[in-house]
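Q: Got a minute to go through a structure with me? I'd like to start with the aromatics.
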Amino acid sequence: MDSVGLFILLILMFFQFTAAPAAEEITWTYTGLVGQSEWSAYFPECGGTSQSPVDVATTQTKYDPGLTAVTPLGYSQHGNKPFTLYNNGHTVVIELPEWMGLGGLPWLFTAVQMHLHWGSGGPSHGGSEHTVNGLSADAELHVVHYNSELYPNLSAAMTQRDGLAVLGILIVTGEETNQAFNSILNYLSRIRHADQKVFIPAFDVQSLLPKDLGRYYRYNGSLTTPPCYQSVIWTLFHERVQISKAQLLKLETILYSSKAEEADRMLLQDNYRTTQPLNHRVVFTSFSAESWKEFSSGEVTAIVIGVMCGCVGLAVVIRFIVKTIRFFKLLHRETVALYL
Ligand SMILES: *[C@@H]1O[C@H](CO)[C@@H](O)[C@H](O)[C@H]1NC(C)=O
Ligand SMILES: *[C@@H]1O[C@H](CO)[C@@H](O)[C@H](O)[C@H]1NC(C)=O
């Protein structure tokens with residue numbers, strides 16, 4: 001073999017050994033070496049133009065009267081078979097039985113799993129993935145379904161347009177404990193480390209959702225984690241659900257993203273992606289804007305002052321007209337008197 005041949009062989013071997021590992025083997029994170037800004041280098045779809053989450057600017061949304069309420073199917077018929085609760089190092093996942101589904105969309109969707117996203121700083125420090133008018137909620141629940149009318153299973157559906165339907169539920173904190181969420185939170189201490197799994201008693205999944213399933217935002221987007229496939233019909237509910245501050249604190253501080261055998265324990269926190277550009281997309285609403293509820297207090301003050309000025313102006317004009325009429329009546333009477 002000549003030296004050129006040897007050189008080429010060496011180059012080939014070099015590339016063989018430095019070739020990027022397959023995407024499935026990449027351990028992505030939210031910050032650091034394979035943090036969100038690097039995802040697209042390993043998972044090209046993360047750099048796409050229809051990514052999630054997004055900020056919902058309510059003044060830019062479009063009312064679509066054709067959007068009827070989504071209907072959870074079998075969410076409350078949980079049966080006796082336990083659910084599996086799983087720490088996958090990125091979030092806590094609850095696997096859902098295949099008889100649960102979602103109606104009210106152009107196709108029937110079958111439930112797969114649900115999971116949560118949260119922050120690290122307690123209330124009002126971010127934590128949700130979607131934001132509304134730039135404001136975060138404290139956490140967000142996602143219930144994932146696949147299009148079982150068009151595709152045989154999740155893996156086939158997740159790469160296809162209209163393959164998935166995800167319900168997004170914004171979570172904020174209040175005074176009261178949300179008992180439904182304790183069906184999950186009470187068991188987190190058993191799966192503190194990544195890769196740990198536990199069976200938990202089945203519970204009513206519908207009790208995690210807001211009461212008003214008729215008012216929501218709808219747009220076409222993606223998985224919010226690698227590989228970020230742009231296959232999701234998103235439904236983000238307008239109504240938020242409340243959990244207590246203690247419940248949020250538990251969610252934020254109990255899980256690790258590191259495995260049990262790893263020496264350095266890493267808290268699983270801030271597992272939310274920043275909002276992505278809408279680009280050409282429109283966010284539709286199933287409800288028409290209740291105008292005054294959407295205005296800020298400044299705008300409401302301006303409107304009240306405007307209406308008051310209008311009323312005063314109208315009163316002045318009416319007074320002027322009445323006075324003018326009286327004047328001419330008087331004039332008429334005097335004229336009549338003069339001729340008598
Ligand atoms: C999903 O469906 C596809 C297409 O029918 C099939 O090739 C694949 O093995 C299925 N995957 C799983 C995990 O069942
Ligand atoms: C999503 O994309 C499909 C085309 O694939 C389109 O028909 C549909 O109207 C879009 N939905 C929304 C909410 O933008």
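Q: Tyr 219 and Trp 234: buried or exposed?
A: Both are buried. Keep in mind that this is a predicted model.

Q: How many aromatic pairs are there in the whole structure?
A: A search finds six. One of them is Tyr 30 with Trp 39: ring centres 5.6 Å apart, planes at 65°, so edge-to-face.

Q: Why does 65° make that pair edge-to-face?
A: Because planes over 60 degrees apart count as edge-to-face.

Q: And what about Tyr 219 and Trp 234, how are their rings set?
A: That pair is stacked, because the planes are at 10° and under 30 degrees counts as stacked. The ring centres are 6.4 Å apart.

Q: Where do those two sit?
A: Tyr 219 is in strand S13 (residues 216-221), and Trp 234 is in strand S14 (residues 232-237). So the pair ties together parts that are 15 residues apart in sequence.

Q: Back to Tyr 30 and Trp 39. Which aromatic cluster are they in?
A: They form one with Trp 28.

Q: What's the relative accessible area of Tyr 30?
A: 11%, so Tyr 30 is buried. Trp 39 is at 0% and counts as buried too.

Q: Switching to charge. Which residues gather in a patch of positive charge on the surface?
A: Arg 319, Lys 323, Arg 326 and Lys 329.

Q: Where is Lys 329 found?
A: In helix H7, residues 297-339.

Q: Why does Lys 329 count as exposed?
A: Its relative accessibility is 54%, and exposed means over 50%.

Methods: Residues are numbered from 1 along each chain as its sequence is written. Chains are lettered from A and ligands numbered from 1 in the order in which they are written. This is a predicted model: local features need pLDDT of at least 70, side-chain atom pairs count only at pLDDT 80 or more; totals for chains, interfaces and linings use all residues. Side-chain values use heavy atoms; hydrogens and water are left out. Patches are made of residues with over 30% relative accessible area and no salt bridge: like charges are joined within 9 Å, nonpolar side chains (Val, Leu, Ile, Met, Phe, Trp, Tyr) within 5 Å. Accessible areas come from the Shrake-Rupley method with a 1.4 Å probe; for residues, only the protein chains shown count as cover. A salt bridge is a side-chain nitrogen of Lys or Arg within 4 Å of a carboxyl oxygen of Asp or Glu. Lys and Arg count as positive and Asp and Glu as negative; His and the chain ends are not counted. The place of a charge is taken as NZ of Lys, CZ of Arg, CG of Asp or CD of Glu. Helices (H or I, at least four residues) and strands (E, at least two) are DSSP runs, numbered from the N terminus. Buried means under 20% relative accessible area, exposed over 50%, partly exposed in between (1.4 Å probe, protein chains only). Rings of Phe, Tyr and Trp (its six-membered ring) pair if their centres lie within 6.5 Å; planes under 30 degrees apart count as stacked, over 60 as edge-to-face and the rest as tilted.
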